[in-house]
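User: I would like to go through this model one point at a time. Please keep the answers short and end each on what I asked for.

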Amino acid sequence: MRIALLCNDRIALPALDYLLSTGELVAAGMPVRLSETQPVVRERCRREQIPFRTFEKKHFEAAIHDWLQQCLPDVVLVKTFPWLIPASVLQLPRHGFINFHYAPLPAWRGSNPLFWMLRNQATMAGVTVHEMTAAYDEGPILLQHSIPIGRNINFGILYTQLAYVGVQLTAQLLTGWQSGTLEKKEQDAAAAAWYSHPQPADLYIKWQSMDAEEINALVKACNPWNKGAAARWKNWTFGITYASVLEDVPQKLAPGTILSIDSVAGFTIACKDGKALLAEVVYCEEGFYPGYCLSAFGLKQMDRLS
């Protein structure tokens with residue numbers, strides 16, 4: 001099997017290593033924009049003498065035609081590549097283009113489903129392997145694997161867990177082709193839901209409308225990629241990066257009110273359901289700190305976050 005890989009970020013790295021170990025990888029490609037992952041992929045390909053190419057979105061259709069003619073893959077595996085694959089090339093490889101979507105389909109379509117799964121307090125995550133069509137996240141499903149989302153799991157941990165699920169499914173996919181045991185399952189359009197990429201307003205804590213568990217879910221969904229859920233005091237914004245919910249709160253104050261901000265009680269904030277959020281780790285431009293250290297910037301008990 002001649003395999004080409006299109007990827008975008010670190011979630012593909014474990015699968016890249018696996019494919020390199022099989023000797024079946026013949027080419028790899030990424031968007032041209034420089035990221036932390038690109039030098040890693042480039043260097044691993046260089047060591048194994050695998051051609052590596054970057055693509056510009058403006059000229060992508062012509063470039064990927066050229067790329068496929070050069071590397072002649074039997075299949076192209078796609079792992080978080082950000083652009084729609086042109087319909088004109090989907091059927092050029094013998095097995096087409098196979099997408100690894102790091103969420104259950106069809107219920108969690110979109111470019112950043114992990115954020116929304118954590119934000120919406122879903123209990124299960126997973127990876128879906130499906131044939132690609134001319135539409136995002138559609139096409140028959142070949143393989144799926146689900147994992148539970150633990151209570152203390154944040155975006156970063158879940159991302160890494162799913163990266164290794166992706167390796168397992170990569171191996172199962174290749175085995176299934178060899179044995180002829182893969183079965184296609186059409187996606188149920190009635191169960192489909194689309195989640196757009198989160199906008200800045202989605203990343204702010206809304207003290208008046210969100211209860212303590214919802215706020216903590218947002219904190220976990222924003223750690224580490226947004227450096228925490230955004231909170232505002234006066235005209236200053238900081239991120240709450242790690243938090244927990246306090247059930248027994250003697251003072252019932254307006255949501256967003258700082259109940260304590262010291263090294264003993266910590267940085268606690270009243271929530272609308274009578275509970276409190278203990279902001280254990282925070283981020284601002286000056287660095288990451290225990291939450292109570294924000295007192296050095298002027299925050300004090302009874303101040304109210306907006």
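User: In which loop is E36 found, and is this residue buried or exposed?

Analyst: This is a predicted model. E36 is found in the loop between β2 and α2. Exposed means over 50% relative accessible area. The relative accessible area of E36 is 75%, so this residue counts as exposed.

User: How far apart are the C-alpha atoms of E36 and L294?

Analyst: Along the chain, E36 and L294 are 258 residues apart. In space, their C-alpha atoms are separated by 30 Å. For scale, the C-alpha trace of the chain spans about 65 × 40 × 30 Å along its principal axes. The value for the pair E36 and L294 is 30 Å.

User: Why is strand β2 described as largely enclosed by the rest of the structure?

Analyst: Strand β2 covers residues 25–31. A residue is buried when its relative accessible area is under 20%. The strand is largely enclosed because the buried residues number seven of the seven.

User: Which strands pair with β2, and in what sense?

Analyst: Strand β1 (residues 3–7) is joined to β2 by four bridges, and the two run parallel; I3 has L25 as its bridge partner there. Strand β3 (residues 52–55) also pairs with β2 over four bridges, with T54 as the bridge partner of M30. The strands asked for are β1 and β3, both pairings being parallel.

User: Which helix goes with β2 and β3 in a β-α-β unit, and what is the handedness of the unit?

Analyst: Helix α1 (residues 13–22) belongs to the unit with β1 and β2, which is right-handed. The unit with β2 and β3 contains the helix of residues 37–47. That helix is α2, and the unit is right-handed.

User: How many residues of helix α6 are buried, and which elements do they pack against?

Analyst: Helix α6 runs over residues 212–221 and is mostly covered, with eight of its ten residues buried. Among the buried residues are A212, I215, L218 and V219. The elements they pack against are α4, α5, β10, β11 and β14.

User: Is L305 buried or exposed, and which residues outside its sequence neighbourhood is L305 in contact with?

Analyst: L305 lies in the segment after β15. Its relative accessible area is 3%, so L305 is buried. I269 is 36 residues away along the chain, with the C-alpha atoms of the pair separated by 8.5 Å. Leaving aside neighbours within four places in sequence, the contacts of L305 are W207, A231, R232, W233, F238, G256, I258, I269 and L299.

User: Which residues does the cis peptide bond with omega of about 15 degrees join?

Analyst: Most peptide bonds are trans. One cis bond joins L105 and P106, with omega about 5 degrees; P106 is in the loop between β5 and β6. The bond with omega of about 15 degrees involves P224, in the loop between α6 and β10. The residues joined are N223 and P224.

User: What is the phi of K227, and where is this residue found?

Analyst: Most residues other than glycine have a negative phi. K227 has a positive value, near 60 degrees. The residue is partly exposed, with a relative accessible area of 35%. Phi is near 60 degrees, and the place of K227 is the loop between α6 and β10.

Technical notes: Residues are numbered from 1 along each chain as its sequence is written. This is a predicted model: local features need pLDDT of at least 70, side-chain atom pairs count only at pLDDT 80 or more; totals for chains, interfaces and linings use all residues. Side-chain values use heavy atoms; hydrogens and water are left out. Buried means under 20% relative accessible area, exposed over 50%, partly exposed in between (1.4 Å probe, protein chains only). Two strands pair if DSSP finds at least two bridges between them. A crossover is right-handed if, with the strands pointing away from the viewer, the path from the first strand over the helix to the second runs clockwise. Contact means heavy atoms within 4.5 Å.
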